[in-house]
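Reader: I am new to this structure and would like a close look at one part of it, the cavities inside. Could you take me through what lines them?

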Amino acid sequence: MAAPTPLKQLAAYPELQHLADELRGASIEQLFADDPARAENFTLQAAGLHLDYSKHLLHREARTALMALAQQAGMDERIAALLAGEAVNNTEGRPALHSLLRADQGAGLEDKFDQVTAVRARMQVYADRLNDGLQLGYSGEVITDVVNIGIGGSDLGPRLVTEALKPFHGNVSCHYVANVDPADLQDTLLELNPANTLFIVCSKSFRTEETLTNSLAARNWMLQAGASEADLGKHFLAITTNLEAAAEFGIAGENCLPLWDWVGGRYSVWSAVGLSCAIAMGWEQFEQFLAGARAMDRHFSEAPAQANMPLLMSLLEVWYGNFFGAENHVVLPYDNSLQRLPDFLQQLTMESNGKRVRSDGGAVDYNTGPVLWGSAGTMGQHSFHQLLHQGTLLCPADFILPLTTHTGMVEQHQRLVANCLAQSRALMVGRSARAAESALHARGMAAEEVARLAPHLVMPGNRPNSVITMHALTPATLGALLALYEHRTFCSGQLWGINPFDQWGVDLGKEIGVEVLGRLSGQSSGGTMDPATERLMQAWQDARE
């Protein structure tokens with residue numbers, strides 16, 4: 001597949017610049033008035049999700065131009081290439097087959113699909129065995145708790161899914177440790193009994209520093225509790241390709257599940273990395289999670305551009321990032337169960353598209369992946385929503401709202417829904433100076449005081465936002481939601497002409513980290529550091545002594 005054409009060289013780019021200039025000062029409320037069918041026609045449905053993108057600085061002409069941009073970028077062919085297993089990760093010469101992990105047929109990739117189904121079968125055995133109380137520890141007691149040790153994609157995805165789907169949990173409690181800070185592991189283990197605890201070590205190389213450090217500490221914890229080295233197989237599983245290193249640790253090959261180089265860590269929750277999720281919710285619910293993502297894959301593959309939800313969301317990302325100068329994007333899940341979603345999406349989007357070099361090696365001369373951030377529900381309304389409403393930055397927003405609650409507390413959920421819809425509307429309509437003055441007059445203020453305070457109440461509005469709803473947060477709708485953002489990320493990478501599946505930018509910090517650790521541990525005296533780093537290393541040494 002040929003390298004993508006740089007964004008600015010696509011024929012639709014100048015027209016989109018012109019349309020963006022026209023819309024920069026437009027009123028979204030007026031766009032609704034000009035197009036009575038806007039509320040209906042600026043919506044999409046797919047895989048149990050409903051996307052309302054009507055509150056955007058976008059009209060039909062601009063939408064048509066964005067679709068032309070996608071056509072000129074060859075998005076239909078690029079989507080097909082991704083799903084067919086072509087080497088879309090060109091710098092590493094690999095496909096990106098995370099969609100195969102949730103597929104129900106090989107579709108030309110039977111060899112790899114056979115590997116996937118074999119691993120699924122083994123995952124099901126573990127999930128069923130643990131939930132049926134058949135996995136016993138070194139003392140003969142039943143395993144009741146699982147601790148997943150990983151970092152990055154081996155932690156963020158499984159942690160999000162497990163926490164989001166608590167209403168579907170079975171008989172085993174799952175916990176997560178990622179930070180090499182010893183407090184993370186210690187705080188987790190304080191509440192656990194070694195005799196009832198199973199660890200899952202998630203590291204493709206079995207060499208990831210943070211994961212290996214925590215795993216060795218967990219191993220010592222188990223041995224100090226009375227387990228023998230021969231008992232470790234009852235308390236440790238590994239998700240890895242380095243069977244030799246796992247065996248040295250004490251995990252036999254039959255207790256290891258593989259990962260493949262055609263799946264990146266941030267796309268791996270559908271693989272054996274998701275074993276802790278499958279254990280937490282049970283295999284049937286994990287299959288529903290895969291099925292929801294598979295439904296979004298099908299939509300992504302089959303829907304025409306104008307009805308393709310991931311592609312449309314990607315075009316909006318490019319629209320604001322490259323034509324309006326937005327350098328960030330906020331995600332606001334109005335469901336406390338989804339409080340980890342912004343963390344997960346930060347890695348997915350910024351590790352994928354935080355690039356300054358095109359896939360052909362040339363430097364980009366336009367913005368690529370924005371900073372993504374956010375928090376759950378009404379929490380942000382009492383912190384950063386001030387900036388969204390009155391700040392100087394343009395922050396396109398995604399509101400995510402399940403329409404029902406698993407709690408049974410309908411009235412309280414009604415208030416949550418009201419807050420979500422109100423914030424979405426407030427970002428759009430804002431508050432004029434006249435409305436601010438009227439509000440202050442209604443409070444009984446004197447004219448002089450009204451004139452003084454009114455400017456502080458003005459909100460410009462026209463802050464673009466989408467609302468993604470689902471009937472309920474279930475394994476299937478969560479699977480669809482994560483797949484939606486995966487595919488959106490891919491499309492944006494293609495439109496920017498970059499490779500969203502490598503992450504060379506993380507390597508330098510790791511390499512320097514090895515050098516610094518060597519100095520701090522006394523194992524190396526070489527390597528000249530900058531004066532600031534030298535002073536900080538000495539401060540650590542002084543504090544230790």
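Author: By class, the lining of the largest cavity has 4 nonpolar, 3 polar and 3 charged residues, in a model that is predicted. The nonpolar residues are Met313, Leu316, Tyr320 and Ala397, the polar ones are His56, His329 and Ser466, and the charged ones are Glu317, Asp398 and Arg488. About 90 Å³ of space lies in this cavity, and two elements, helix H13 (309-323) and strand S10 (397-402), each give two or more residues to its lining. The largest share, 4 residues, comes from H13, while Ala397 and Asp398 of the lining fall within the range of S10.

The second largest cavity has a volume of about 40 Å³, and its lining is made up of Glu317, Tyr320, Gly321, Ala326, Asn328, His329, Pro370 and Pro396. Here the elements that give two or more residues are H13 and strand S8 (328-333), with H13 again providing the largest share, 3 residues. Asn328 and His329 of this lining lie in the range of S8. By class, the second lining has 4 nonpolar, 3 polar and 1 charged residues, and the charged one is Glu317.

Taken together, the two linings have residues in common, for Glu317, Tyr320 and His329 appear in the lining of the largest cavity and also in that of the second largest. These two cavities belong to a set of 4 cavities of 30 Å³ or more that the structure holds.

Notes: Residues numbered from 1 in each chain as written. Predicted model: local features only at pLDDT ≥ 70, side-chain atom pairs only at ≥ 80, totals over all residues. Heavy atoms only, no water. 1 Å grid on protein atoms, 1.4 Å probe; cavity = no way out; pocket = protein on both sides within 12 Å on 5 of 7 lines; lining within 4 Å. Points joined across faces, edges and corners; volume = space filled by probe spheres on them.
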